[in-house]
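Me: I've got a fold open on my screen and I'd like to learn how to read it bit by bit. Can you walk me through it?

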Amino acid sequence: MASIVGTWQITTDFGCDGSIAGTFDQTFNADGTWTNSIGSRGRWFQIEGLATWDFDNAAKLVYAANVAGSWMAGSLGFTTAGGLKGCFGAHKAGVPGLAATALAKKGAARPDGSK
């Protein structure tokens, strides 16, 4: 089982319609707390491949993810009736995102200058 302890880059999509709402870094600490680069913090827990966290500064906002190695994906939303909901994906810091990896493979020149 992969632990989420460490820093992750999270990309959100409110509405799950393919439009990115934002990307930020979030650090999960071994003591069950987390902080992120946009000033939020909260508590998290993980049971096997499922991780969940909430926010101290956004009441009723919850994220839940399936964790697979250095990647996670899941849903987010406010638990109130009619609350905003969405999707997100994340990769552990130091692991390039899928788009960056694909672009690098497609157009990267070799050390000798050939493609």
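Reply: Sure, let's begin with a single pair of residues on neighbouring strands. In β4, Arg-43 is the bridge partner of Thr-33. That bridge belongs to the pairing of strand β3 (residues 33-36) with β4, which is antiparallel and has three bridges. Keep in mind that this is a predicted model.

Me: Okay, zooming out: how many helices and strands are in the chain?

Reply: One helix and eight strands. Reading from the N terminus, the order is β-β-β-β-β-β-β-β-α.

Me: And what do the eight strands build together?

Reply: A closed barrel, running β1-β2-β3-β4-β5-β6-β7-β8 with antiparallel pairing. From one strand to the next, the twist averages 30°.

Me: What share of the residues in the chain is buried?

Reply: Of the 115 residues, 29% are buried. You can also look at who touches whom: among contacts with a separation of 6 or more, 31% are between residues 24 or more positions apart.

Me: Let's try one residue. Is Gln-26 buried or exposed?

Reply: The cut-off for buried is under 20% relative accessible area. Gln-26 has 0%, so Gln-26 is buried. You'll find Gln-26 in strand β2 (residues 22-28).

Me: Which side chain does the side chain of Gln-26 make a polar contact with?

Reply: That of Asn-36, at 3.4 Å. If you skip neighbours within four places in sequence, the residues in contact with Gln-26 include Trp-8, Trp-34 and Trp-53, along with Gly-6 and Thr-7. Asn-36 is on that list too.

Me: Next, disulfides. Which cysteines form one here?

Reply: The general idea is that a disulfide is a covalent bond between the sulfur atoms of two cysteines. This structure holds one. The partners are Cys-16 and Cys-87, with sulfur atoms 1.8 Å apart. The pair links distant parts of the chain, 71 residues apart: Cys-16 is in the loop between β1 (6-14) and β2, and Cys-87 is in strand β8 (residues 85-92).

Me: Why is that disulfide called right-handed?

Reply: Look at the torsion about the S-S bond of Cys-16 and Cys-87: it's about 110°, so the disulfide is right-handed.

Me: How accessible are the two cysteines, Cys-16 and Cys-87?

Reply: Cys-16 has 40% relative accessibility and counts as partly exposed. Cys-87, at 26%, counts as partly exposed as well.

Me: What about charged pairs? Which residue forms a salt bridge with Arg-41?

Reply: In general, side chains of opposite charge can pair when their charged atoms come close. The structure holds one salt bridge. Asp-56 is the partner of Arg-41, and the closest N and O atoms are 3.9 Å apart. This pair, too, links distant parts of the chain: Asp-56 sits in the loop between β5 (50-54) and β6 (61-68), while Arg-41 is in strand β4 (residues 41-47), 15 residues apart. As for accessibility, Arg-41 has a relative accessible area of 52%, so Arg-41 is exposed.

Me: One last residue: where is Ser-75, and what is in contact with Ser-75?

Reply: Ser-75 is in strand β7 (residues 71-78). Leaving out neighbours within four places in sequence, the contacts of Ser-75 are Val-62, Tyr-63, Ala-64, Gly-86, Cys-87 and Phe-88. You'll recognise Cys-87 from the disulfide. Between Ser-75 and Phe-88, the C-alpha to C-alpha distance is 6.0 Å, with their positions 13 residues apart in sequence. Ser-75 has a relative accessible area of 41%, so Ser-75 is partly exposed.

How values were computed:
Residues numbered from 1 in each chain as written. Predicted model: local features only at pLDDT ≥ 70, side-chain atom pairs only at ≥ 80, totals over all residues. Heavy atoms only, no water. Helix = DSSP H or I, 4+ residues; strand = E, 2+ residues; numbered from the N terminus. Buried < 20%, exposed > 50% of the residue type's maximum accessible area, 1.4 Å probe, protein only. Polar contact = N/O pair within 3.5 Å; in protein donor to acceptor, adjacent residues only side chain to side chain. Contact = heavy atoms within 4.5 Å. Disulfide = S-S within 2.5 Å. Salt bridge = Lys/Arg side-chain N within 4 Å of Asp/Glu carboxyl O. Pairing = 2+ DSSP bridges. Axes fitted to C-alpha atoms, helices over the stretch in contact; angles between N-to-C directions.
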